[in-house]
Structure formats: structure tokens, C-alpha cells
Amino acid sequence: MSSPPSPPPTDGASPRRWFGLRPVALAELLLFFAVALGLDVWLGAGTRFDGVQPHPFWIPVLLLAIQYGTSEGVLAALVASVALRLGNMPDAGIDQDLYDHLFTLTREPILWLVAAVLFGELRMRQRREREDLRAGLAAARQEAEAIGAA
């Protein structure tokens, strides 16, 4: 008689989530922005690195999207956008019309959001493929056990 199928192996316990997000990703995000904004106030001009290229807020957006997936990457992009623009809205230049000014304000946040979705979805596809491979491996092992028992 064959044994019941065993569940596919995992990388450890199922990660605990808060509102669909991993707590470790939230902690990393908060830690990065606490340090970055603290350095900006202490050593910088307090403009939240506005004008610095590449902008330091790319770091959490890319790392969280690549490490954890789309949800965490999008959250990092939203937090970076709020951290950049909340109370830090530059005035329009004399030579700028409304659309140029809106583009100046939203260019970086839109790029962060697009990158977070792009890299996050690549990571999610990789995870789905890995889970499919694990399920196939478990099925193959079960077949091998059944053949061996017969």
C-alpha cells in the first residue's frame, strides 16, 4: 500500500504577512527611510536628495521588488514617492508651463512604480516556476515510490 502524498518541500515555514506584505520587508523599508531621511536632514540640505542622480530612493524600490515581489516593490515606490514629495514640492520655474512642472514632479515616482511592477512581476514569475518544479518533483517522487512498491 502506498503512503499518502507528501506536500512539496518549502524553504521553511510559510512567511507571516501583514496586509499581504512580509513584516521583514516593512522593517527593511522603514529602516532604510529612517536612515536616508536622517542623513538628509543631518548632512544634506533637507531636500530629500532632490536633484541627486541616480536618486537614493531607487535602492529600496529595486531591492524589495527583486527580493520579495510586486507588492513590496510597489509599496516601496509609494513610500519613496511620499517621502520625496510630502512637504517638498518645488515651485515651477519661470520657463515651465503646467505640464512641464507636473512632469518634473512625477517623473521619478512613475519610474519607481514602473520598475517595481516590472521587476516584481519577474520575481513572481520565477517563484511560480519554482513552485511548479517542486510540484513536478513531488509527483515524480510519488510515481517512483509507487513503481518501487509495485
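## A pair within helix 4

Glu-129 and Arg-125 both belong to helix 4 (residues 98-149), where they sit 4 residues apart, about one turn of the helix. In this predicted model, the two side chains form a salt bridge in which the closest N and O atoms are 4.0 Å apart. Glu-129 is partly exposed, with a relative accessible area of 43%, and Arg-125 is likewise partly exposed, at 46%.

A further salt bridge in helix 4 joins Glu-131 to Arg-134, two residues that are 3 residues apart, again about one turn of the helix. Here the closest N and O atoms are 3.3 Å apart. Glu-131 counts as partly exposed because its relative accessibility is 36%, whereas Arg-134, with a relative accessible area of 16%, is buried.

## A link between distant segments

The count of salt bridges comes to 3, and one of them connects Glu-72 with Arg-22, with 3.1 Å between the closest N and O atoms. This pair links distant parts of the chain, since Glu-72 lies in helix 3 (residues 70-85) and Arg-22 in the segment before helix 1, 50 residues apart. Both Glu-72 and Arg-22 are buried.

## A buried acid without a salt bridge

Asp-40, in helix 1 (residues 23-42), is buried yet has no salt bridge, and the nearest side chain of opposite charge, that of Arg-48, is 5.4 Å away. That distance does not qualify because a salt bridge requires the nitrogen and the carboxyl oxygen to be within 4 Å. The backbone of Arg-48 is nevertheless involved, with its nitrogen lying 2.6 Å from a polar atom of the Asp-40 side chain. Leaving out residues up to four places away in sequence, Asp-40 touches Ala-45, Gly-46, Thr-47, Arg-48 and Phe-49.

## An exposed loop residue

Gln-53 is found in the loop between helix 1 and helix 2 (58-68), and it is exposed, with a relative accessible area of 52%. Apart from neighbours within four places in sequence, Gln-53 is in contact with Arg-107 and Glu-108.

## The chain as a whole

The protein chain has 4 helices and 0 strands, and its C-alpha trace spans about 85 × 30 × 25 Å along the principal axes. The radius of gyration is 23 Å, where a compact globule of 150 residues would have one near 15 Å.

Of the 150 residues, 27% count as buried, and the chain exposes about 10,200 Å², of which carbon and sulfur atoms supply 68%. Among contacts with a separation of 6 or more, 72% are between residues 24 or more positions apart.

Terms used:
Residues numbered from 1 in each chain as written. Predicted model: local features only at pLDDT ≥ 70, side-chain atom pairs only at ≥ 80, totals over all residues. Heavy atoms only, no water. Buried < 20%, exposed > 50% of the residue type's maximum accessible area, 1.4 Å probe, protein only. Lys, Arg positive; Asp, Glu negative; His and termini not counted. Polar contact = N/O pair within 3.5 Å; in protein donor to acceptor, adjacent residues only side chain to side chain. Contact = heavy atoms within 4.5 Å. Rg over C-alpha atoms; globule rule 2.2 N^0.38 Å. Areas by Shrake-Rupley, 256 points an atom, 1.4 Å probe, with all protein chains shown as cover.
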